[in-house]
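Colleague: Could you walk me through reading a few features of a model like this one? I would like the general idea each time, and then the case at hand.

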Amino acid sequence: MNGDLMLATACEVAVKIGARAVVSFVEPAPVLAEVPDIPIIRVQELQLDVLKDLTMHDILEVSERHMLDAAVHLYLRRNLESGLVVGVFPYAVIIYDIEEGKNFINLKDFSDIVPREVLHAALTLALEIAVEGREGRAIGTAFIIGDPEEIFRHSHQAILNPYQGQPAALRDIKNRDNWESIKEFAQLDGVFVIDKNGEVRAAGRYLDVTGRGISLPGGLGGRHRATASITYEIPAIGITVSESGGMVRIFRDGNCKISIRSDIRLRSDG
Ligand SMILES: Nc1ncnc2c1ncn2[C@@H]1O[C@H](COP(=O)(O)OP(=O)(O)OP(=O)(O)O)[C@@H](O)[C@H]1O
């Protein structure tokens, strides 16, 4: 009942301020008497029960963090990159400006190395791999995007390159039709090498890097260390999908620039 009221109020606010969407964290999904003319995106499977023992200040802080995580998903998967959204939680309604999120992804920060549409495609695919896994199990992988000759100089084939001799059309990461095979090859050991046009040049590549000059969040192992390291040694962008924990991360200059949670599920009624 409370959830229904919170969502109805959020929708009213959203219509008044011309918001692009309502993001609902309320479970179970409330039923609205009147469906508003605005998309309602439901974020599932967050453990929000803990909020009820917190102070109002803490609730707002946690809510804002969840909104930020949801905004990144909205941007990547629904192309919402500016404007206001209204977040509705069991205990709060917040208005959120997508562009102002302090942790919000700005793909322009990487465009000196990788064109925006290539990075957007690789990141969205990485997020799908993190969310879906393969045959019911989590998988980890990495995409290294940059000058392929330079990346090849710092790596070797761990297995036969499945992209060897493939026509360019089947290697284009910007084409969703090619994602199924990329997801299949993501189960192999090693990383993908992608050029600046978005062509997958190799899969199953092992990075030969020193690990010098990098700074990593704690608890990350070989895949993340090697990805961070190659972005330190050459101008490249690395995107990792962690098998343990499902985080997607973007690396450049040896540092993790952005972390994206994959345990958020978007489901739209609108
Ligand atoms: N230098 C490297 N180049 C390419 N792939 C690597 C490299 N080092 C490790 N990997 C791959 O990463 C896999 C996982 O290694 P590890 O668990 O140490 O990494 P991790 O950073 O903790 O990643 P995850 O969070 O996915 O477990 C290895 O099985 C291997 O396939």
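Colleague: Let's take helix 6 in this predicted model. How many residues has helix 6, and how far does it reach from its first C-alpha to its last?

Modeller: Happy to start there. A helix can be checked against the span expected at 1.5 Å a residue. Helix 6, residues 222–233, has 12 residues and reaches 16 Å, close to the 16 Å expected.

Colleague: And is helix 6 mostly covered or mostly uncovered?

Modeller: For burial we count neighbours: a residue is buried if 20 or more other C-beta atoms lie within 10 Å of its own. Nine of the 12 residues of helix 6 are buried, so by that count the helix is mostly covered. Among them are Arg223, His224, Ala226 and Tyr232.

Colleague: What do those buried residues of helix 6 pack against?

Modeller: Their partners include one helix, helix 4 (148–153), and several strands, among them strand 5 (141–145), strand 8 (200–207) and strand 9 (237–241).

Colleague: Strand 5 catches my eye. Which of its residues lie on one side and which on the other?

Modeller: The general idea first: in a regular strand the side chains alternate between the two faces of the sheet. In strand 5, Thr141, Phe143 and Ile145 are on one side, with Ala142 and Ile144 on the other, and both faces are covered. Five of the five residues are buried, so strand 5 is largely enclosed by the rest of the structure.

Colleague: In which sense does strand 5 pair with strand 9, and over how many bridges?

Modeller: Strand 5 and strand 9 are antiparallel, with five bridges; Ile145 has Ile237 as its bridge partner there. Strand 7 (residues 191–194) runs parallel to strand 5 and is joined to it by three bridges, and Phe192 in strand 7 stands opposite Phe143.

Colleague: Now the ligand. How many residues surround it, and which are the closest?

Modeller: The shell around the ligand has 15 residues, and Gly140, Gly221, Gly222, Arg223 and Ala226 are the closest. Strand 8 and helix 6 are the elements that give two or more residues to this shell. Helix 6 has the largest share, four residues. By character, the shell divides into five nonpolar, seven polar and three charged residues.

Colleague: How much confidence does the predictor give all this?

Modeller: Where pLDDT is low, the predicted coordinates should not be read in detail. Here the protein averages a pLDDT of 87, and 91% of the residues score at least 70. For the complex, the predictor gives an ipTM of 0.98 and a pTM of 0.85.

Definitions and conventions. Residues are numbered from 1 along each chain as its sequence is written. This is a predicted model: local features need pLDDT of at least 70, side-chain atom pairs count only at pLDDT 80 or more; totals for chains, interfaces and linings use all residues. The expected span of a helix is 1.5 Å times one less than its number of residues. Two residues are in contact if their C-beta atoms, placed from the backbone, lie within 7 Å. pLDDT is the predictor's confidence in each residue, from 0 to 100. Two strands pair if DSSP finds at least two bridges between them. A residue is near a molecule or strand if its C-beta atom, placed from the backbone, lies within 6 Å of it. Ala, Val, Leu, Ile, Met, Phe, Trp, Tyr, Cys and Pro count as nonpolar, Asp, Glu, Lys and Arg as charged, and the others, Gly among them, as polar.
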